[in-house]
Protein chains: 2
Amino acid sequence: VPPPGPPAALLDELRAVVGPNHVLTDPDQTAGFSVDWTGRFRGAAAAVVRPGSTEEVAAIVRACGASRVALVPQGGNTGLVGGGVPLAGELVLSLTRLDALSAVDVAAAQVTAGAGVTLARLQEHVDRRGLAFGVDLAPRDSCTIGGMTATNAGGINVVRYGTMRTQVMGIEAVLGDGSVVSHLTGLPKDNTGYDLAALLVGSEGTLGVITAARLRLVPRLDHRVTAGLGFDDIAGAVAAVTHLRAALPSLHAVELVLAEGVALVAADLGVELPPALRAPAALIVEAAATTDPLEELAAAVADLDLVAEPVVAGTPEQRRRLWQLREGFADAINRLGPPVKLDVSVPIGRTAEFVDSLPRVLPGGLDVIVFGHLGDGNLHVNVTGVPADEPARAQAVEEAVHRAVVERGGSISAEHGIGTAKVRYLHLCRSPAEIVAFRAIKRALDPAAILNPGVLVPAD
Amino acid sequence: VPPPGPPAALLDELRAVVGPNHVLTDPDQTAGFSVDWTGRFRGAAAAVVRPGSTEEVAAIVRACGASRVALVPQGGNTGLVGGGVPLAGELVLSLTRLDALSAVDVAAAQVTAGAGVTLARLQEHVDRRGLAFGVDLAPRDSCTIGGMTATNAGGINVVRYGTMRTQVMGIEAVLGDGSVVSHLTGLPKDNTGYDLAALLVGSEGTLGVITAARLRLVPRLDHRVTAGLGFDDIAGAVAAVTHLRAALPSLHAVELVLAEGVALVAADLGVELPPALRAPAALIVEAAATTDPLEELAAAVADLDLVAEPVVAGTPEQRRRLWQLREGFADAINRLGPPVKLDVSVPIGRTAEFVDSLPRVLPGGLDVIVFGHLGDGNLHVNVTGVPADEPARAQAVEEAVHRAVVERGGSISAEHGIGTAKVRYLHLCRSPAEIVAFRAIKRALDPAAILNPGVLVPAD
């Protein structure tokens, strides 16, 4: 039995707000908004509403509040934790029409982007003014600034620029009561009250609907060098990260791969590994600067205790060949069968001990492949060998890994968020007092509980 | 008539929590906690309570909540806006005994500091491990990490490292209901719920009592070069900041001085100005790196349109002589009589127009001296000529400057905060909807309204 859906009077009201063409109810039209891109999270939108302005978003939220109809805000629908699809028959609030992009303020190195602006469009826009955006993600053609802000997106350059939270200088949003808060001045120093922007970043659509963000930009760095460095063990790679962070100001990314995993990727790609990447643990390090960073990189690397000659890639083609060994992990692993994928972080000094513990804590007969953004302590843990039709075994794997993470002061969600997928595990790393505080904040800003119910905040 | 003071039963309860020696009621003992260091804000503490642990803070907050007695959290008492003194006879919660400092985690480049740790002690502690803290302030021997966090302190290195908000990776705090929230893992990527730390930073003691913070550290930069650069006008200086931000990765500070003001400082110090600092607008630029940044600085400066030969200071003594021209402003201005001091920021591209507008918007017969952290658009506006015994004229000056700021999308408090001093002006730069949201958050986390009433959030 499908959920009852919104009352006809509400749909009429919404049509009056956004125009009849922007309230979709035909299942053929709403289907694409109802399932995430992995296909793992599948719901049924009662309707999809596509506002064209912040004022329209506010009118929609007020109307839904009055009718007590729940909304799921949706951007590019590239999330991974079931936080942006209507799993309980909610109305989908699609924000892709909010695609305004201000002129680049070169003096301030900032730009204002509507929630529906894709990352790729933002990148092109600021590149023309010699600037860049500090967060980059693979689904850049689809993912939107609103979604990236609401989920505090990360990626491989966090070691240099931080996550979305660091880029967001101000937000415009519609809170749960339909009020519009807007503070897009983007001043680097502005101590005039609670930082609503910082609270909304990472709130996953549960406190307000982000309609625009003022974003910090960074210098465009046209000179890049990538290196592959081999170490005896993970502890050696961790020590190298500490050294590089101090000695290499142009450090732009530092990714960990382990011997077994990268060998699998090389076999999958049909390429031969350079000696550095045949080491037990290896780093792929990228330096980026406005002038050639090769000398700085070479000097910083010279002090490291390496087990093989480093491989240094200066040309785009050489760099591509090195990066494909990192980027090929997802495909190579998928060819072993669908893995249980976990996105976790641990304090970087405990990385070795955490990875070593995995064979002990996991059920027997399973293989584990670990790689990730070592500069941030962010590891992607992939466990293969669990049949797709045995969800209880997958859940046992998730719990075992999460417990190993939490015992070491780690996080069960490094960059993907909680969504609906991990809400049952939140208590593992946030205390009862914290969850009570989350609920109090949720009630304060979304008193009718209509914004993304079931996401992030565990039910009372 | 003094306020009634806390009930005797409450004081007994507090003595049982912290020990009788740590509940001060003798006016000789409480006087120092009742007035701010400028002497402008003077109250009378009903009592001063000095807890020695987070658990004791929680017990105090619970006891005060049950008795509906208000608390003012206090650190080093170096604030400038009357946010940390008991102006309405509140109980002072002095946090200086919470002075634990963890071992430095070199791999993560982090440390955990109790609220009562002074900035100077933190700096010494991390310096020994080759690291530094990203925020530096003149009252470093007194100001505490708790107060700096609660007020989102800034200073001259924000252009490189951001404010306290950027340094704080996690917080332990006691909320208004006496519950303890603690998330000190300091993971750079951790998307597990609302960012309570980001909300508490800058909340000025109104949502929770910060008891400890996990802090990001930065590499210690032992090589520094300072330069004085002269420009035809403020617009030229602003264009130079834009250029330096991209071309000089070692940019550590960039301060603006104007001809009249710096001439006053030079006369006050009895020194001669180098030609660069006799220009209409001048920048004092500092570059800092792990290796000598002179070459990088020289290359970046070579592209600028200067009106005089730059002055470049490489030795500590040369650098001191240049910096004294910036640091001498407060004393030189004070010798003209007590000024009306405003701490504002404007979008950096509107700096010239804002400064030019001041003579027009200010009442006649007054002089204005502007200088500040141009890299952040943070300007200190000092207006002289208002007699100390004419507060209505001082208020007219404040209002005129604030309006000129707000018309340009600026902030009426760049780094000092709102406190009690500016709460009446908050509506100038935050909308009614934002203030409603602030009140809702305040009620959510401090339901009994006992934490720093009268500070930051305007009365309903």
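A search of the whole structure turns up zero disulfides over all chains, a disulfide being a pair of cysteine sulfur atoms within 2.5 Å. The model is predicted: local features need pLDDT of at least 70, side-chain atom pairs count only at pLDDT 80 or more, and totals for chains, interfaces and linings use all residues. Side-chain values use heavy atoms, without hydrogens and water, and residues are numbered from 1 along each chain as its sequence is written.

The two chains make a neat pair. Chain A can be laid on chain B with an RMSD of 0.0 Å by a turn of 180° and a shift of 0.0 Å along the axis, using least squares on the C-alpha atoms of residues with pLDDT of at least 70 in both. The two copies are thus related as by a two-fold rotation axis.

Salt bridges number 42 over all chains, each a side-chain nitrogen of Lys or Arg within 4 Å of a carboxyl oxygen of Asp or Glu. One of them joins Glu255(A) to Arg326(A) (2.6 Å, N to O). Glu255(A) is buried, with a relative accessible area of 1%, and Arg326(A), at 10%, is buried as well (buried means under 20% relative accessible area, exposed over 50%, partly exposed in between; 1.4 Å probe, protein chains only).

Arg335(A) and Asp268(A) form another salt bridge, with their closest N and O atoms 2.5 Å apart. Here Arg335(A) is exposed at 58%, while Asp268(A) is partly exposed at 30%. Finally, Arg350(A), Glu353(A), Glu407(A) and Arg408(A) are linked in a network of salt bridges.

Notes. Chains are lettered from A and ligands numbered from 1 in the order in which they are written.
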